[in-house]
Amino acid sequence: MKQRIIGVAALVAVLSYACGERQPERVLTASKGHIAIYDAVATASAAPDVSSLYFTIANAATSPDTLIAVSTAAGTASLHTVVTDSSGVTSMRPLVGLVIPAGASVGLAPGGYHVMLTGLRRPLVAGDSIFIVLDLARANLLRFRVPVLTYTEMVERLGTLDHE
Ligand SMILES: [Cu+2]
């Protein structure tokens with residue numbers, strides 16, 4: 001599976017080069033109408049039934065769209081954000097909806113917005129993949145496969161908001 005992911009990344013890099021774009025590191029995961037999903041990754045479970053997943057949503061439309069919900073047959077998926085209180089303590093909070101402004105991208109990444117996976121039927125193992133469904137106010141449903149990477153592989157791929 002890892003070889004297949006690298007193969008897809010290489011293909012996207014070649015296609016991007018052919019189109020004259022300068023973002024060979026960004027891997028298109030899925031698209032529908034004005035919405036494109038890049039770099040979707042899930043991390044291997046640290047605890048048996050808990051994990052998280054990340055992606056970047058790009059909105060090419062001239063009006064905003066809103067990610068309302070995420071779901072997967074693998075377990076329970078919840079949109080979260082990370083907040084830091086006045087004493088410097090960080091904690092996760094549920095997000096009611098994530099607005100993707102017109103012509104802009106919003107990234108989910110470690111230390112910021114993320115999809116929390118709980119109640120997993122079985123632990124996520126690097127090399128596996130899971131299907132997830134995004135529900136957007138205007139684009140409606142997007143269903144796509146997300147590869148499971150080790151935490152180290154995921155950080156190499158996305159970076160973290162903590163270190164930027
Ligand atoms: Cu969370």
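Modeller: A residue counts as buried if 20 or more other C-beta atoms lie within 10 Å of its own, as exposed if 12 or fewer do, and as partly exposed in between, with C-beta atoms placed from the backbone. Residues are numbered from 1 along each chain as its sequence is written. This is a predicted model, in which local features need pLDDT of at least 70 and side-chain atom pairs count only at pLDDT 80 or more, whereas totals for chains, interfaces and linings use all residues.

Colleague: What pattern does the chain follow when read along the sequence?

Modeller: Helices (H or I, at least four residues) and strands (E, at least two) are taken as DSSP runs and numbered from the N terminus. By that assignment the chain has 2 helices and 11 strands. In sequence order, the pattern is α-β-β-β-β-β-β-β-β-β-β-β-α.

Colleague: Is His34 buried, exposed or partly exposed?

Modeller: His34 sits in the loop between β1 (28-32) and β2, and its C-alpha atom is separated by 8.0 Å from that of Ala58, 24 residues apart along the chain. Leaving aside residues up to four places away in sequence, His34 touches Asn59, Ala60, Ala61 and Ala139, where a contact means C-beta atoms, placed from the backbone, within 7 Å. Because 18 other C-beta atoms lie within 10 Å, His34 is partly exposed.

Colleague: Which residue of β9 stands opposite Leu53?

Modeller: Strands are said to pair if DSSP finds at least two bridges between them. β3 meets that condition with β2, antiparallel over 6 bridges, and with strand β8 (residues 104-107), to which 4 antiparallel bridges join it. β3 also pairs with β9 in the antiparallel sense over 3 bridges. In β9, the residue opposite Leu53 is Val115.

Colleague: Which strand gives the most to the largest nonpolar core?

Modeller: A nonpolar core is a set of buried Ala, Val, Leu, Ile, Met, Phe, Trp, Tyr and Cys residues joined through C-beta atoms within 7 Å, and the largest has 30 residues, with Val41, Leu53 and Val146 among those having the most contacts inside it. At least two residues of this core come from each of β2, β3 (51-59), β4 (65-71), β5, β9 (114-118), β10 (129-136) and β11. The strand giving the most, with 5 residues, is β2.

Colleague: How many residues of β3 are buried?

Modeller: Leu53, whose contacts beyond four places in sequence include Val41, Val115, Ile132 and Val146, is one of the core residues with the most contacts inside the core. β3 as a strand is mostly covered, and of its 9 residues the number buried is 7.

Colleague: How many residues of strand β6 are buried?

Modeller: Strand β5 (residues 76-84) is joined to β6 by 5 antiparallel bridges, with Thr84 opposite Thr90. The hairpin they form has 5 residues between the strands, among which Gly88 takes a positive phi near 85°. Strand β6 (residues 90-94) lies largely in the open, because the number buried among its 5 residues is 0.

Colleague: What phi does Asp39 take?

Modeller: Most residues other than glycine have a negative phi. Asn140, in strand β11 (residues 140-149), has a positive phi of about 65° although it is not a glycine. Asp39, in strand β2 (residues 35-43), is partly exposed, with 19 other C-beta atoms within 10 Å. Also positive in a residue other than glycine, the phi of Asp39 is near 55°.

Technical notes
Contact = placed C-beta atoms within 7 Å.
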